[in-house]
Amino acid sequence: MLNPYLLRKELLSVAKKLLKKGFQLDIALISEMENKRKKLQIKTENLQYQHKLLSNLFKQSKMLKENNENLKNKIVQSNQDLDILKNEFNLLKEKIYNFSISIPNIPSSDVPEGTGSHNNKEIKYWGEKKKYNFLVRDHVEIGKKLNQIDWKSAVKISGSKFVVIKGNIALLHRALSQFMLDFHTTQHGYLETHVPYLVNYDALYGTGQLPKFSDDLFHVNSLDKKKYILIPTAEVPLTNLFRNEILDEKYLPIMLTAYTPCFRSEAYSYGRDSKGLIRLHQFDKVELVQIVQPELSMQTLEILTNHAEKILQLLELPYRKVLLCGGEMGFSAAKTYDLEVWFPSQNRYREISSCSNMGDFQARRMQTRYRKQSEKKHDFVHTLNGSGLAIGRTLAAILENYQQEDGRVKIPKILQTKYMQDIKFIN
């Protein structure tokens, strides 16, 4: 959530910046609630002061053995008035809080204006697109021809937007996750972490998925009446490991990675990517999370994004890096880079990784601070996360970019010996 100070002292500036995300901040409502809060606070403080005076007079009268019945009645009435004011004040604070948690993060000043993907800023291109002297197939057709991607069985046992993968394509799926984890832990310095796939409401509130995006999640009611939610990304459990914690600065940055399944209802994606591995209810991903000091977060975003890029480079998959415009960014993000891999069947780049700096937005919701060594005070950390990478989309990109005229699929060289049991082609 946003720093409350900004909403009190820089309201017009905040409202203007949020327009970049297409968010209309209700300035009149905030001003009304804030004015009421100030008046109630002053009224409460005055009444508390008067109550204290009456209490002192009552103590004196008791010591002097004077008749204090009138004072006693005034104190009783004062207590009742205070209770009414405190209740009204608490209800108003709750209303302000509920409103404030619906406000998205403020975009960074260098985030482009605009509401659609055509407003995103292209940062760079990497790799050469392969030229084919045969009719290019998409990954769905390739998987069917190889009889190793089974959509019918998935529909039979689960429904649409699920998939069954078999044989060497399943081996490739597993190889990708192992390769990514190995590289991020040994070359980039992340700590591999195994996390629960079911989390509570507090965890999803902390990273910003709740309450606004409840419909995008799979909710689970257990037999003991406890409510859980399947994780939409490992960002949720990884980042929430530090909820309600005060971290020692000497242990920053914290760098974590996890391989998990991810579950998304895709409530608002009807008709989009209705076939293939691009948009599923269940998919796998290697996630990268960093927790750093505020002054290092923008620099860290560049580093984290480079870590994800390195995987694409080693797999020799052409991609581009784009800086998202305000309207394309997520609720909690201050700045986001998307990495988009080339899909020859679609003749276009498709997102395969999204790397974001959340600033202190999530840290405020989670109450995650760090203890500054130099100043002996606490401050909110900055959190960052990114896909390093989405396994299904990487698999689909390999099937398409490495397809051969005879129907086989070549295995990227980096995977062949160590991860694919010396298999060079899938057929």
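A residue counts as buried when its relative accessible area is under 20%. By that standard Thr260 is buried, because its relative accessible area is 1%. This value, like those that follow, comes from a predicted model. Thr260 is a pleasant place to begin a tour of the structure. Its home is strand E9, which covers residues 254-263. Leaving aside residues up to four places away in sequence, Thr260 touches Val195, Tyr197, Ile231, Ala234, Phe283, Asp284 and Lys285.

The helices come next. Helix H4 runs through residues 69-100 and has 32 residues. From the first C-alpha of H4 to the last, the reach is 46 Å, close to the 46 Å expected at 1.5 Å a residue. Several residues of H4 are buried, among them Leu71, Ile75, Leu82, Phe89 and Ser100.

Helix H7, made of the 20 residues 167-186, can be checked in the same way: its end C-alpha atoms are 28 Å apart, which agrees with the 28 Å that it should span at 1.5 Å a residue. The buried residues of H7 include Ile169, Leu172, His173, Leu176, Phe179, Met180, Phe183 and His184.

Some of these H7 residues turn up again in its packing against other helices. H7 packs with helix H10 (residues 297-314) at an angle of about 130°, and the two axes lie 11 Å apart. H7 is therefore oblique to H10. Their crossing is right-handed. On the H7 side, the residues that meet H10 are Phe179, Met180, Phe183 and His184. Their partners in H10 are His307, Lys310, Ile311 and Leu314.

H7 also packs with helix H12, here at an angle of about 120° with the axes 10 Å apart. Because angles of 65 to 115 degrees count as roughly perpendicular and those over 145 as roughly antiparallel, H7 and H12 are oblique to each other. H7 passes H12 in a right-handed crossing. In this pairing, Ile169, Leu172, His173, Leu176, Ser177 and Met180 of H7 meet Ile391, Thr394, Leu395, Ile398 and Leu399 of H12. Met180 is thus listed in the contacts with H10 and in those with H12.

How many of the residues of H12 are buried? The count is 11 of 11 for this helix, which spans residues 391-401. Alongside residues such as Ile391 and Leu399, the buried set includes Arg393, Glu400 and Asn401.

Helix H3 (residues 27-63) offers a contrasting example in Asn46. Asn46 counts as partly exposed, because its relative accessibility is 42%. The C-alpha atom of Asn46 is separated by 47 Å from that of Ile254, which is 208 residues away along the chain.

Attention now turns to the cysteines. A disulfide is a covalent bond between the sulfur atoms of two cysteines. A search of the whole structure finds 0 disulfides. Cys262 is in no disulfide, and the nearest cysteine sulfur, in Cys355, is 14 Å away. Why does Cys325 not form a bond with Cys355? Although the sulfur of Cys355 is the closest cysteine sulfur to that of Cys325, it is 17 Å away, which is too far for a bond. Cys262 counts as buried, because its relative accessibility is 0%. Cys325 is buried as well, with a relative accessible area of 0%.

The backbone holds a few details worth a closer look. Most residues other than glycine have a negative phi, and most peptide bonds are trans. Against that background, a cis peptide bond joins Leu210 and Pro211, with omega about 5°. Pro211 sits in the loop between helix H8 (201-207) and strand E6 (219-221). A cis peptide bond also runs from Gly388 to Leu389, where omega is near 25°. Leu389 belongs to strand E16 (residues 382-390).

Positive phi angles appear as well. Asn347 is not a glycine, yet its phi is positive, at about 55°. This residue lies in the loop between strand E12 (335-343) and strand E13 (348-357). Asn347 is exposed, because its relative accessible area is 58%, where over 50% is the cut-off. Gln421, which is not a glycine either, has a positive phi of about 55°. The place of Gln421 is the loop between helix H13 (413-419) and strand E18 (425-426). With a relative accessible area of 57%, Gln421 is exposed.

Notes. Residues are numbered from 1 along each chain as its sequence is written. This is a predicted model: local features need pLDDT of at least 70, side-chain atom pairs count only at pLDDT 80 or more; totals for chains, interfaces and linings use all residues. Side-chain values use heavy atoms; hydrogens and water are left out. Helices (H or I, at least four residues) and strands (E, at least two) are DSSP runs, numbered from the N terminus. The expected span of a helix is 1.5 Å times one less than its number of residues. Buried means under 20% relative accessible area, exposed over 50%, partly exposed in between (1.4 Å probe, protein chains only). A disulfide is a pair of cysteine sulfur atoms within 2.5 Å. Axes are lines fitted to C-alpha atoms, for helices over the stretch in contact, and angles run from 0 to 180 degrees between N-to-C directions. Angles under 35 degrees count as roughly parallel, over 145 as roughly antiparallel, 65 to 115 as roughly perpendicular and the rest as oblique. A crossing is left-handed if the near helix is turned anticlockwise from the far one by less than a right angle, and right-handed if clockwise. Contact means heavy atoms within 4.5 Å.
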